[in-house]
Amino acid sequence: MNVVVAEHAGFCFGVTKAVETVYDRIKDGNSNIYTFGPIIHNETVVGDLERKGVKVIENPDELNEITDGTIVIRSHGVTRQILGKLTDTGLNIIDATCPFVKRIHKIVGEESAKGKSIIVVGSKSHPEVEGIVSYAGESVYVIESPEKAREFDGDKSLEYTVVSQTTFNRNKFQETIEILNNYGYNINVVNTICNATDERQSEAETIASKADVMIVIGGANSSNSRKLFEICSQKCINTYFIQTLDDLHLDLPKSVGLVGITAGASTPKNIIEEVQNYVRTNF
Ligand code: F3S
């Protein structure tokens with residue numbers, strides 16, 4: 001049996017930078033380190049940081065209680081309003097928003113200022129999308145899927161600039177754009193799906209289409225990992241979604257020739273290695 005691990009599995013550039021930022025502060029001996037929301041959607045990493053004294057701010061109201069320390073903004077970024085609130089605290093704010101997300105904030109801000117309406121293709125309740133929306137003017141819409149694009153009832157006399165959540169499924173983004181075009185919307189499209197996502201998704205799709213069993217490792221709340229699972233499931237019916245090795249209960253028949261492994265952007269290397277070693281040595 002062969003085991004193939006995707007090259008583009010695990011931490012992307014933006015997540016690596018955000019996580020390292022927090023560990024660096026710990027190493028520097030800083031006390032009172034906070035992250036605004038969990039730094040990544042991975043319980044193992046968040047748990048390790050908690051043990052090292054890093055606290056997670058879940059709600060902006062908690063800011064009123066904090067008088068001293070450093071707050072790290074995670075790679076998804078925050079809304080303009082929250083950034084303002086954070087700055088107003090006078091605490092040390094480290095913005096680890098991924099530059100690819102910052103780029104979308106900039107595009108949306110500039111296009112809105114030119115009078116364009118904005119369409120964000122992504123999950124409405126995802127913090128990254130909430131952040132992007134906050135940089136637009138009043139005319140901003142979120143379309144969550146091609147199905148929702150069919151239901152979109154916008155003003156066809158307006159000019160729309162369309163961007164996407166960085167981790168959106170590229171095929172679904174294309175489909176959404178085609179629907180908006182076919183329905184006669186005047187759209188200018190900026191594909192803001194980040195390369196890390198694009199490479200991760202295409203590679204996962206290629207491996208899953210050859211694999212008998214596919215394992216996707218990712219946090220339960222990680223939307224990019226869920227999307228990977230969705231893509232792989234379409235190509236390989238035996239696709240498993242796990243957070244850590246403990247969740248893996250494989251009972252492989254002898255006929256399995258190829259097991260593929262991939263992981264979302266918030267999965268640390270050591271978890272990928274553990275799963276890989278387990279599959280290699282036990283089957
Ligand atoms: Fe940034 Fe892309 Fe990762 S937007 S946080 S490099 S998935």
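Let's start with a sheet: four strands make up an open sheet in the order 3-2-4-5, with parallel pairing. Strand 3 (55-57) and strand 5 (92-95) are at its edges, and each has a single partner strand, so one side of each is left without a neighbour in the sheet. Direction ignored, neighbouring strands of this sheet are turned by 30 degrees against each other on average. Please keep in mind that this is a predicted model.

Within this sheet, strand 2 (residues 33-36) and strand 3 run parallel and are joined by three bridges. Y34 has K55 as its bridge partner in strand 3. Helix 1 (residues 13-27) packs on the sheet, where it touches strand 2, strand 4 (70-73) and strand 5. The direction of helix 1 makes about 170 degrees with that of strand 2.

The loop between helix 1 and strand 2 holds N32. The phi of N32 is near 50 degrees, which is a positive value in a residue other than glycine. Most residues other than glycine have a negative phi. N32 is also partly exposed, with a relative accessible area of 27%.

At the edge of the sheet, strand 5 includes N92. Which residues does N92 touch, leaving aside its neighbours within four places in sequence? N92 is in contact with G69, T70 and I71, once those sequence neighbours are left aside. With T70 there is a polar contact of 3.3 Å between the side chains. N92 has a relative accessible area of 40%, so it counts as partly exposed. As for longer distances, the C-alpha atoms of N92 and E178 are separated by 45 Å, and the two residues are 86 residues apart along the chain.

**A second sheet**

Another open sheet of four strands has the order 1-12-10-11, and its pairing is parallel. Strand 1 (2-5) and strand 11 (239-242) are the edge strands, each pairing on one side only. From one strand to the next, the twist averages 20 degrees. Strand 10 (residues 213-217) runs parallel to strand 11, and four bridges join them. Opposite I217 stands I242 in strand 11. Helix 8 (residues 195-210) packs on this sheet and touches strand 1, strand 10 and strand 12 (258-263). The direction of helix 8 makes about 165 degrees with that of strand 12.

**Helix 7 and its surroundings**

Helix 7 (residues 170-182) lets us compare an expected length with the model. Its 13 residues should span 18 Å at 1.5 Å a residue, and the end C-alpha atoms are 18 Å apart, which agrees. The 18 Å follows because the expected span is 1.5 Å times one less than the number of residues.

Which residues of helix 7 are buried? They are F173, T176, I177, I179 and L180. Seen down the axis of helix 7, these buried residues fall within an arc of 160 degrees, so they line one face of the helix. Their packing partners are strand 6 (117-121), strand 7 (140-143), helix 6 (146-151), strand 8 (159-164) and strand 9 (186-189).

Both ends of helix 7 offer a detail. At the start, a side-chain oxygen of N169 comes to within 2.9 Å of the backbone nitrogen of N171. After the helix comes G184, with a positive phi near 85 degrees.

N169 itself lies in the loop between strand 8 and helix 7. Is N169 buried or exposed? Its relative accessibility is 6%, so N169 counts as buried; the cut-off for buried is under 20% relative accessible area. Leaving aside its neighbours within four places in sequence, N169 is in contact with I193, Q201, K227, E230 and I231.

**P127 and a side-by-side view**

P127 belongs to helix 5 (residues 127-134). Beyond its neighbours within four places in sequence, P127 is in contact with R74 and H76. The C-alpha atoms of P127 and S31 are separated by 26 Å, with their positions 96 residues apart along the chain counted as the distance apart.

Here are the accessibilities of the individual residues discussed above.

| Residue | Relative accessible area | Class |
|---|---|---|
| N92 | 40% | partly exposed |
| N32 | 27% | partly exposed |
| P127 | 23% | partly exposed |
| N169 | 6% | buried |

Key:
Residues are numbered from 1 along each chain as its sequence is written. This is a predicted model: local features need pLDDT of at least 70, side-chain atom pairs count only at pLDDT 80 or more; totals for chains, interfaces and linings use all residues. Side-chain values use heavy atoms; hydrogens and water are left out. Helices (H or I, at least four residues) and strands (E, at least two) are DSSP runs, numbered from the N terminus. Buried means under 20% relative accessible area, exposed over 50%, partly exposed in between (1.4 Å probe, protein chains only). The arc is that of the directions from the helix axis to the C-beta atoms. Contact means heavy atoms within 4.5 Å. A polar contact is a pair of N or O atoms within 3.5 Å; within protein, one must be able to donate a hydrogen and the other to accept it, and residues adjacent in sequence count only if both atoms are side-chain atoms. Two strands pair if DSSP finds at least two bridges between them. Axes are lines fitted to C-alpha atoms, for helices over the stretch in contact, and angles run from 0 to 180 degrees between N-to-C directions.
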